[in-house]
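This briefing walks through the sheets, the nonpolar cores and the aromatic contacts of the structure shown below, grouped by topic for reading alongside the coordinates.

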Amino acid sequence: MRVHLCQLAPSYERPNDDLRGDVDSLLRAQVGADLVVLPELWPQGGFTYQRWAAEAEPVDGPTLAMVSAAARAIGAHVHAGSIVERDAEGRLYNTALLVGPDGGLLATYRKIHLFGFSSGEPALMTAGTDLVVADIGGLAVGLATCYDLRFPEMFRALLDRGAQAFVVPAAWPAPRVAHWRLLAQARAVEEQAYVVATNTSGVQAGLAMGGGSVVVDPWGVVVAEAGRDEEVLVADLDPALVTKTRSEFPVLADRRL
């Protein structure tokens, strides 16, 4: 399975529709990918909190429409990163969207662990409650977002639901980017699964973003890693390696808790 990680550096000084147009063009250029992954909250910004209420959208809003059309055009699965979702009751969620090669919506995941302590996401958003594992070309993929990476119990629960890989879009800042890489490797080693983690680059609300999008294999080996700037990182996943790793080093069979 070939994955393309689109590490974006969005500018929020332009109309939101212009940003979607740029990402549409980028997605349509990813011919040959089986799965394309965008970062967390790229349409509204991970730290541009003042934009969230005005730019929030329903799941079936303009971002999904654009991503669905692009997915059909290239015949690939697209993980749209996440959006600021406004539900029918007016609540805001950090919601990931997974689209199939036919443009259909395969899964949504509302971020469970909201970052910001007493401000930011916890103050403005509602936490999700449901774990999500989706089938992507025969590979069972657990969905997580950014700060979720710090909570190993979530990944163990996704493993118990059959996950062989994890897709993690993020808006992870530069001051803690060493944790980003370390935690991605840790989650891969613990669950003997691939981790596909797409981060944001550039600057948001005066905060430098970390970049460093990364693909880690079930042994914890970094097979591809981006730099700090905007780029498309390409890597191949071998589902058979997950089975082989778990068979040759059956540590998961020794769980007692």
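One open sheet consists of six strands in the order 5-4-3-2-1-14, and its pairing is mixed. The model is a predicted one, and the points below take this sheet before turning to a further sheet, the cores and the aromatic residues.

**The sheet 5-4-3-2-1-14**

- Strand 5 and strand 14 (231-236) are the edge strands of this sheet, each of them pairing on one side only.
- On average, and with direction ignored, neighbouring strands here are turned by 25° against each other.
- Strand 4 (residues 92-99) and strand 5 run antiparallel and are joined by five bridges, and within this part of the sheet Ala96 stands opposite Tyr109 of strand 5.
- Helix 3 (residues 62-74) packs on the sheet, where it touches strand 2 (35-37), strand 3 (77-86), strand 4 and strand 5, and the direction of the helix makes about 15° with that of strand 4.
- Arg110 lies over the face of Tyr93, at 3.7 Å from the ring centre.

**The sheet 6-7-8-9-12-13**

- An open sheet, again of six strands and with mixed pairing, has the order 6-7-8-9-12-13.
- Its edges are formed by strand 6 (133-136) and strand 13 (222-225); each has a single partner strand, so one side of each is left without a neighbour in the sheet.
- Neighbouring strands of this sheet are turned by 20° against each other on average, direction ignored.
- Strand 12 (residues 214-216) runs antiparallel to strand 13 and is joined to it by three bridges, and Val216 has Val222 in strand 13 as its bridge partner.

**Nonpolar cores**

- The largest nonpolar core has 46 residues, and those with the most contacts inside it are Leu149, Phe166, Val168, Val195 and Val215.
- A second core, separate from the largest one, has 22 residues, including Leu19, Leu38, Met66 and Ala80.
- When residues up to four places away in sequence are not counted, Leu149 touches Phe155, Val168, Trp172, Trp180, Leu183, Ala184 and Arg187.

**Aromatic pairs and the cluster around Phe115**

- The structure holds eight aromatic pairs, one of which is the edge-to-face pair of Phe115 and Phe117, with 5.5 Å from centre to centre and 65° between the planes.
- Phe115 also pairs with Tyr147: the ring centres are 5.1 Å apart and the planes stand at 70°, so this pair is edge-to-face.
- The pair of Phe115 and Tyr147 links distant parts of the chain, 32 residues apart, since Phe115 is in the loop between strand 5 (105-110) and helix 4 (121-124), whereas Tyr147 is in the loop between strand 7 (139-143) and helix 5 (152-160).
- Phe115, Phe117, Tyr147 and Phe151 form one aromatic cluster.

**Exposure within the cluster**

- Is Phe117 buried or exposed? Its relative accessibility is 65%, so Phe117 counts as exposed, the cut-off for that class being over 50%.
- Tyr147, with a relative accessible area of 15%, is buried, because it falls under the 20% limit.
- Phe117 lies in the loop between strand 5 and helix 4, and with residues up to four places away in sequence not counted, Phe117 touches Pro122 and Tyr147.
- Phe117 and Leu237 are 120 residues apart in sequence, and their C-alpha atoms are 35 Å apart in space.

Key
Residues are numbered from 1 along each chain as its sequence is written. This is a predicted model: local features need pLDDT of at least 70, side-chain atom pairs count only at pLDDT 80 or more; totals for chains, interfaces and linings use all residues. Side-chain values use heavy atoms; hydrogens and water are left out. A nonpolar core is a set of buried Ala, Val, Leu, Ile, Met, Phe, Trp, Tyr and Cys residues joined through side-chain atoms within 4.5 Å. Buried means under 20% relative accessible area, exposed over 50%, partly exposed in between (1.4 Å probe, protein chains only). Contact means heavy atoms within 4.5 Å. Rings of Phe, Tyr and Trp (its six-membered ring) pair if their centres lie within 6.5 Å; planes under 30 degrees apart count as stacked, over 60 as edge-to-face and the rest as tilted. Helices (H or I, at least four residues) and strands (E, at least two) are DSSP runs, numbered from the N terminus. A charge sits over a ring if NZ of Lys or CZ of Arg is within 6 Å of the ring centre and within 35 degrees of the ring normal. Two strands pair if DSSP finds at least two bridges between them. Axes are lines fitted to C-alpha atoms, for helices over the stretch in contact, and angles run from 0 to 180 degrees between N-to-C directions.
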